[in-house]
Amino acid sequence: MLCPDHLLLWNSLVDMYARSRKVLEAKRLFDSMSRRDEVTYTSLITGYGIQGEGREALKFFDEMKKRHIIPDHVTMVAVLSTCSHSGLVTEGIKLFEPMPSTYGIIPCLEHFACMVDLFGRPGLLHKAKEMITRMPYRPSSAMWATLLGASHIHGNAEIGEWAAGKLLEMRPGNSGYYVLIANMYAVAGCWSKLEKVRTYMRDFVRKALGCAWVDVGSGFFPFLVDDTSKPHMNKLYPLLEGLTELMKDNECVGKEYVSSVDDVIEAIG
């Protein structure tokens, strides 16, 4: 049974429900708590932000400040990300600019990444580009990919190619980034540049095959994806397919294992 003073455990439960998109359950736990801190509020803000309920999330941020709970850098990432996903550009700017003077928080790379996304989603690409070029940090590959994706969506080939060039210079190991670049070049009909991207993928992307270790009684046996080189493969694949169907019949696949918030509150109380 959890004591009301076990704030760490309460916060973990709120965060669990919030990140599982069970925001109403997270809110019910939040309301039942006698004590809250910046972690409690950040978890709830994140939960509402994930669901695109930005204005509801900002209400909790305002409540947090009224209770004189000082936000930390994680809270500000959650708030700015919420503004980005909810299209609250003006609100995001108003929260980002006074961070050092109001909260004593120097914006870090994660905060700038949120702002690039905030400007990129509605097509304010020049603002996003300015944010990247003026920040005092080296842009991450994810940041270039964000700008590239926004440029592709809003049809700005100039900024898109600029971001693609910067991303290629970093030689990222994420194959998804190369696919993003390749799609942009394909739409623009830049076939020579598309071929260059394919060359980069061959040289720099190495994707490991999925592997499981199966206990066969006398030891563990490595089982690779689509591996037909091992003996008895003609028997193993039908067996696995049968097990999959058996799990589906017994509702073992896709079943929710998180207990209800009523069970949790009852256990706590």
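**Stop 1: helix 5 and helix 6.** Select residues 73-86, which form helix 5, together with residues 89-96, which form helix 6. In this predicted model, the crossing of helix 5 past helix 6 is left-handed. The two axes lie 8 Å apart, and the packing angle is about 160°. Because angles over 145 degrees count as roughly antiparallel, helix 5 is described as roughly antiparallel to helix 6.

Next, display the side chains at this contact. From helix 5, choose M76, V79, L80 and C83; from helix 6, choose E91, G92, L95 and F96. Colouring this set by class gives six nonpolar residues, one polar residue and one charged residue.

**Stop 2: helix 5 and helix 8.** Keep helix 5 on display and add residues 109-120, which are helix 8. Here the axes come within 9 Å and cross at roughly 10°. Since an angle under 35 degrees counts as roughly parallel, helix 5 runs roughly parallel to helix 8.

For the residues in contact, select H73, M76, V77, L80, S81, C83, S84 and H85 on the helix 5 side. Their counterparts in helix 8 are E110, H111, C114, M115, D117 and L118. Sorted by class, the contact of helix 5 with helix 8 comprises seven nonpolar, five polar and two charged residues. M76, L80 and C83 appear in the helix 5 list for helix 8, and they also appear in the list for helix 6.

**Stop 3: I45.** Move now to helix 3, residues 38-50, and centre the view on I45. Is I45 buried or exposed? Its relative accessible area is 1%, so I45 is buried, the cut-off for that term being under 20%.

To see what surrounds I45, show A57, F60, F61, A78, V79 and T82, which I45 touches when residues up to four places away in sequence are set aside. V79 also takes part in the contact of helix 5 with helix 6. For a distance check, pick the C-alpha atoms of I45 and T82: they are separated by 7.7 Å, although the two residues are 37 places apart along the chain.

**Stop 4: confidence.** Finally, colour the chain by pLDDT. The mean is 83, and 79% of the residues reach 70 or more. Then select residues 253-259, where the pLDDT is below 50; this stretch has eight contacts in the model beyond near neighbours in sequence. Residues 264-269 are also below 50, and that stretch has 14 such contacts.

Technical notes. Residues are numbered from 1 along each chain as its sequence is written. This is a predicted model: local features need pLDDT of at least 70, side-chain atom pairs count only at pLDDT 80 or more; totals for chains, interfaces and linings use all residues. Side-chain values use heavy atoms; hydrogens and water are left out. pLDDT is the predictor's confidence in each residue, from 0 to 100. Contact means heavy atoms within 4.5 Å. Axes are lines fitted to C-alpha atoms, for helices over the stretch in contact, and angles run from 0 to 180 degrees between N-to-C directions. Helices (H or I, at least four residues) and strands (E, at least two) are DSSP runs, numbered from the N terminus. Angles under 35 degrees count as roughly parallel, over 145 as roughly antiparallel, 65 to 115 as roughly perpendicular and the rest as oblique. A crossing is left-handed if the near helix is turned anticlockwise from the far one by less than a right angle, and right-handed if clockwise. Ala, Val, Leu, Ile, Met, Phe, Trp, Tyr, Cys and Pro count as nonpolar, Asp, Glu, Lys and Arg as charged, and the others, Gly among them, as polar. Buried means under 20% relative accessible area, exposed over 50%, partly exposed in between (1.4 Å probe, protein chains only).
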